[in-house]
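Student: I should like a close look at a single part of this structure, set in the context of its chain. Please give the answer as one connected account.

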Amino acid sequence: MSARDILLQIGQVLAVLLLSPLVQGFILRYEERVQRARGPAVIQPYRDLWKLFHKELVIPDGASLIHFSAPVVAFTAMLVVPLLIPVLTNYPLPLSDMGDILGGGLILTLGGFFITLAGLDSGSAYCGVGASRSVMIAILAEPTLILVFVGITLLAKAMLPFVVNHLLAGDASVYWSPAHVFLVCAFFILLLVETDRLPIHSSTHIEVYMIDEARILEYSGPLLALLKWAGMMKQFILYTIFCNVLLLPWALSIHGTASGALGAAVALLGKFALVACLVMVVETTQSRLRFYRYQEPLAASFLLAALAVIANQIR
Amino acid sequence: MTLPQFTPLAASFFSLLAIGSLLLAFVMLGSRWLRDYMYAFGLQSWLIALLSATMGYHVHNPELYLIALFTALFRGLLLPYLILRILRRLGADRELDLIVQPATALVVGAAAVVLALVVAYRIAAALGSDSSVMILALTVMLSMKLIGFLMLSVRHEAISHILGLLILENGIFLGSQVLIPGMPLLIELVILFDLLVAVACFGVLARYLVKRTGTTSSLKLRRLVG
């Protein structure tokens, strides 16, 4: 373990922390552009966070300890996950062996779980509705996520994201195998569901349609800023897993030099722009599904993951 | 029985085409719009035609090019055109009152694929082959048959029945192309014309159905008429 590795690991966390609002801003701006509106500036999420951190804290009556701890837990969870996944380097850093893919998934879910608890804790009607809806989606999405993980594990014979990255970057026949193609498609649907995008989540922010946001309606000021930032970081982390582990496992720092890490960060933004374009296409062409049709995209995703497992058996 | 051997590149290409056809079968299973069924079927036929053509290139059999051409023309263009015509005349554009929701149907279809895989392993073992293309072709063939049966049994629009039958047939054809690429041309032609007759008959039957009962759904057919 050298000092450079520790610096790189801190760099990974900082990259997620500092660049996540940029990705969100990019998507919001260009989605509006596609729909021929002007859209907010790319750096608007930074401004929003700045504004929220300087506002006063309004606490609802009857808020318990959960209300204060949930944003902190969610934010911390999002700071932990970047330690485990290849954000800048394609080799494991000192603390990367703490957990595998399932471990990362567990920590990501822990943040969401605490936000759900906080939504129930506030006692507001909309928060309760949001909590119950998001739990229902989690029930539908979780089996698929597990099956995708199983597919990845069978593909690489390992549960560490770095091994998967090396395998896919190095072996073109595995990269183009049906199993991998299916896994990418299945994970893309999960990505849309988990990052509050259409076809399940609404693009208009009205309370009746809200799912994940409804849980945090009672928050204000710095705590709201933490929650929003955690949400953007979750999106960034999921995009990182999608790009650096599954879809585009190239352009990561191999030797860990400063220029390599910097180049990897720039390349990461390029990859995310590509994924963001795909997301924008989905957001522009799809309309929101009715509540009773939520299971359809997730069933399709489940099917793709099951097919990946099967295609993997035959390979 | 001798089974053909393939180079790795050919094998991966065949796998991709077979898997693509299977996915299109799932598109039909997961959608409720009749027009989608038809487009998916047409595209699937084109994929199978491509498979025939590449197979012809690999086993050096010029007859297969002809079969590919016929497949593309008949299954890829003529049959979808005929079905489109029937669709237009019947004025039915989607399944109403689904017995099994698309999401459930997809999961059942996934289970069918697992079953097909298990059966395919047994058959391949019995044939004395452990080639992955062979197992994949058998899996895709069996699962497309099962999906066809599923569509025939859980959908009740007349058009869905025709398309269920056509997927079933496409599955068998795909399997035969990979497993025994040297099938006599005559048999292929007979099958193609059979299909044409089947679709034409179905068209007539469906129009008769509309005339007598005023609907294209088989759910309404409850009364026995002597």
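Tutor: The account below begins with the chain as a whole, turns to one lysine, and ends with the contact between chains. The model is a predicted one.

Chain A contains 11 helices and zero strands, so that its pattern along the sequence reads α-α-α-α-α-α-α-α-α-α-α. Its radius of gyration is 19 Å, close to the 20 Å that the globule rule gives for 315 residues, and chain A is therefore as compact as a globular protein of that length. Along the principal axes, the C-alpha atoms of chain A occupy a box of roughly 55 × 45 × 40 Å. Of the 315 residues in chain A, 46% are classed as buried. Among contacts in chain A with a separation of 6 or more, 82% join residues 24 or more positions apart.

The part to examine closely is Lys271(A), which lies in helix α10 (residues 258-285) of chain A. Lys271(A) has 19 other C-beta atoms within 10 Å and is therefore partly exposed, because a residue counts as buried at 20 or more. Leaving aside residues up to four places away in sequence, Lys271(A) touches Cys243(A) and Leu248(A). From Lys271(A) to Asn244(A), the C-alpha to C-alpha distance is 8.8 Å, with their positions 27 residues apart in sequence.

As for the contact between chains, 15 residues come from chain A and 19 residues from chain B. On the side of chain A that touches chain B, helix α11 (residues 295-314) gives the most, with 12 residues. The residues on that side of chain A comprise 10 nonpolar, three polar and two charged.

How values were computed
Residues numbered from 1 in each chain as written. Chains lettered and ligands numbered in written order. Predicted model: local features only at pLDDT ≥ 70, side-chain atom pairs only at ≥ 80, totals over all residues. Contact = placed C-beta atoms within 7 Å. Helix = DSSP H or I, 4+ residues; strand = E, 2+ residues; numbered from the N terminus. Nonpolar A, V, L, I, M, F, W, Y, C, P; charged D, E, K, R; others polar. Buried ≥ 20, exposed ≤ 12 C-beta atoms within 10 Å, placed from the backbone. Rg over C-alpha atoms; globule rule 2.2 N^0.38 Å.
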